[in-house]
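Here's a quick tour of aromatic rings and the charges that sit over them. Have the model open while you read.

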Amino acid sequence: MNTKSLAALDLCDEKLGANFDNSFVRTLPADPLRHDFPRQVRNVCFSHVQPTSVASPRLLAWTDALGDELGIRRPESATGCAADVFGGNKILPGMQPYAARYGGHQFGNWAGQLGDGRAMTLTEIIGAQNQRYDLQLKGAGRTPYSRTADGRAVLRSSVREFLCSEAMHHLGVPTTRALSLVATGDAVVRDMFYDGNAAAEPGAIVCRVAPSFIRFGNFEILTWSDELDELKKLADYTITTHFPELGAPSSEVYAKWFEEICRRTAIMVAEWMRVGFVHGVMNTDNMSILGLTIDYGPYGWLEGYDLGWTPNTTDAEGRRYCFGRQPEIAQWNLLRLAGALSPLIPDRTDLERGIRSFGNVYAEHTRMAMGDKLGLLNLDDNDEALIEDLMTTLQEQETDMTLFFRLLANVPIVPIDEKTQDDSALIAPLRRAFYVESDDAGKHLSPWLHRYVVRAQRDAENPVTRRERMNRANPKYVARNYLAQLAIDALVAGDSSVINRLVSVLQKPYDDQPEHDELAARRPEWARHKAGCSALSCSS
Ligand code: AMP
Ligand code: MG
C-alpha cells in the first residue's frame with residue numbers, strides 16, 4: 001500500500017481534516033430526528049448526535065504507536081484542542097458524529113433495540129497506510145439509545161478498556177484499540193455493587209479505534225424489525241468497505257462473507273482461550289462483525305486455571321460467559337447472526353457451511369496454539385489426550401495459567417530416571433505458578449509431566465529454539481485484574497506513573513523484561529476478593 005504521509009499532524013491541524021471521511025453516515029439511512037431523547041428509532045442505521053460538554057477535559061494517556069498509524073501526533077499538552085476533541089467539547093470541521101442503531105441477544109434473550117448509548121463515532125480517518133479507522137468516543141453523553149442511563153463512563157472502566165485493549169493488541173489478539181484517555185472533570189454516579197450505595201466517581205472518556213465498530217446486533221435489529229431494505233444496504237456497505245476482497249455483493253458473496261465472519265470469530269475466541277482472557281459479556285451486541293474483541297466491560301484474566309470462572313458478577317449464577325464456554329457461546333452468537341442474515345442468504349446449507357467452518361477453524365487454531373504453548377512439534381492424535389488431560393489436571397489445584405505455561409519452558413526435557421522416580425526436578429521450575437502453599441503443591445501434575453517430557457523428547461528440538469518458540473506463545477505479562485486496579489487507584493490519586501509503566505510493559509508481553517518481574521507475579525492474596533481485582537459488575 002502507498003504510504004500517504006510520513007509526518008503525523010496535530011489533531012487540530014486543519015490539514016488533518018483532509019483525512020477525515022464519513023462513509024457510514026454518507027451511505028446508510030439516517031434518523032431524521034436530531035434529539036438525543038431516548039426512543040425507538042425505525043428504518044435507519046444511525047442517529048446524528050453531538051457529544052455533551054464536560055467540565056475540564058484533561059488528557060491522561062495517549063498511544064503513540066496507534067497515533068502514528070492514524071497520522072495523528074501526540075498532543076503537546078494535557079489540555080487544549082486535542083483534550084477538547086477527545087473529551088467531547090469540540091467537533092472538528094469534517095467530523096459528523098453519530099450513534100449506531102443496533103439490537104442484541106443479551107444473556108440468551110432478544111433484548112430489542114440497544115444501540116450506541118454512550119459511544120459516538122466522531123469520524124472515520126484514513127491513516128498513514130491508507131487504512132480506514134473509526135474514531136469513537138466512549139462516555140461522551142446521551143444519545144437516542146441511552147435508554148435510562150447517562151451516556152457516561154467512569155474512570156475505572158475507561159482505564160480498564162484503555163489498558164486491556166492495547167495489551168490484547170500486543171499479545172496478537174484481534175481487538176479494537178485505544179488512542180486516548182481523557183478525564184472529564186465531571187463526577188459520574190454509579191452503584192458499583194448494585195446494593196443501593198451509589199457514589200460519585202471521576203468520569204472519563206476513551207477514544208477507541210477500529211476499522212469499524214459494526215456488531216452482529218446492527219444486522220439483527222434490522223431483520224427483527226422487518227427492515228430488509230436497510231439490512232441489504234448495511235450488508236452491502238459492510239462488504240464493500242470492510243471486505244472488498246470478497247467481491248461485489250451478490251448472494252454468493254453474502255454466503256462467503258458469513259463464512260469469513262465465522263472464521264474470524266473462531267480465531268478471536270481461540271486467541272482468548274490461548275491467553276486466558278474472559279470477555280464477560282458475550283452478548284450479540286458485543287460481537288464485532290470484523291472478528292475483533294470489542295466492548296471491554298467486566299472482562300478478566302484467568303489467574304487460577306478454571307474453565308468455570310467468570311469475572312462478571314451479573315453472570316455469577318448462570319456462568320453463561322465463563323472462560324470454558326466462550327467458544328460455544330461464540331458459535332451460538334453466530335447462529336443468531338445467521339438468522340439475521342438469512343433474508344440475504346436463503347440457502348440454509350450456505351449458513352451451515354459457515355457454522356461448520358467456525359468449528360473447524362477453532363479446532364485447528366487451538367491445536368496449533370497448544371502445540372506452541374507446550375513446545376511440541378508435529379502434533380498427532382495421541383497429543384490430543386495429552387492436551388486434554390492437562391486441562392483437567394490443571395484445575396485440580398489452583399494454578400496460575402499464565403505462569404504455568406511460561407514456566408513450562410524451564411522443565412528439563414531429559415530422560416527421566418524411572419528407578420528413583422524423583423519428580424522434584426520436573427515440578428520445581430513450576431513452583432511459582434501454584435497458589436497452594438505446601439510441600440505437595442504441584443505433586444498431582446507429576447504423572448502428566450512424565451508423559452509430557454517423554455513426548456517432548458521425541459521432537460529432539462534444539463532447546464534454545466524450543467524455548468523461544470514457547471515464549472512467543474506464552475506471555476509473561478498480562479493485564480492482571482489487580483494490576484489494572486492498582487493503576488486505577490494511583491491515577492485517581494493523581495499518579496500516572498503506575499499506568500504508564502504497566503502500559504509500556506504490556507507492549508512487550510512475551511519479552512522477559514526482568515526489571516519488571518513483579519508485574520508477572522501471581523495475584524497476591526489481598527486481591528483475591530477485593531472489588532475490581534477478582535470480580536466486576538457491569539456498572540461502568
Ligand atoms: P454493554 O453491556 O456495556 O455492552 O451495554 C449494553 C447497552 O447499554 C448498550 O446499548 C450500551 O450503549 C448501553 N449502555 C451501557 N452503559 C450506558 C450508559 N452509562 N449510558 C447509556 N447507555 C449505556
Ligand atoms: Mg456493549
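What follows covers the ring pairs first and then the charges over rings.

This is a predicted model: local features need pLDDT of at least 70, side-chain atom pairs count only at pLDDT 80 or more, and totals for chains, interfaces and linings use all residues. Residues are numbered from 1 along each chain as its sequence is written, chains are lettered from A and ligands numbered from 1 in the order written, and side-chain values use heavy atoms, leaving out hydrogens and water.

Searching the whole structure turns up 19 aromatic pairs. Rings of Phe, Tyr and Trp (its six-membered ring) pair if their centres lie within 6.5 Å; planes under 30 degrees apart count as stacked, over 60 as edge-to-face and the rest as tilted. Two of the pairs go like this:

| Pair | Geometry | Centre to centre | Angle between planes |
|---|---|---|---|
| Trp 272 and Phe 277 | edge-to-face | 5.5 Å | 65° |
| Phe 358 and Tyr 362 | stacked | 6.3 Å | 15° |

Trp 272 and Phe 277 are both buried (under 20% relative accessible area, with exposed over 50% and partly exposed in between; 1.4 Å probe, protein chains only). Phe 358 is buried too, at 3% relative accessibility, and so is Tyr 362, at 17%.

Ring pairs also tie Trp 272 and Phe 277 to Tyr 296, Tyr 299 and Trp 301 in a cluster.

Now the charges: one sits over a ring if NZ of Lys or CZ of Arg is within 6 Å of the ring centre and within 35 degrees of the ring normal. Arg 160 lies over the face of Tyr 299, 4.0 Å from the ring centre. Arg 522 has its charged end over the ring of Tyr 435, at 5.8 Å from the centre.
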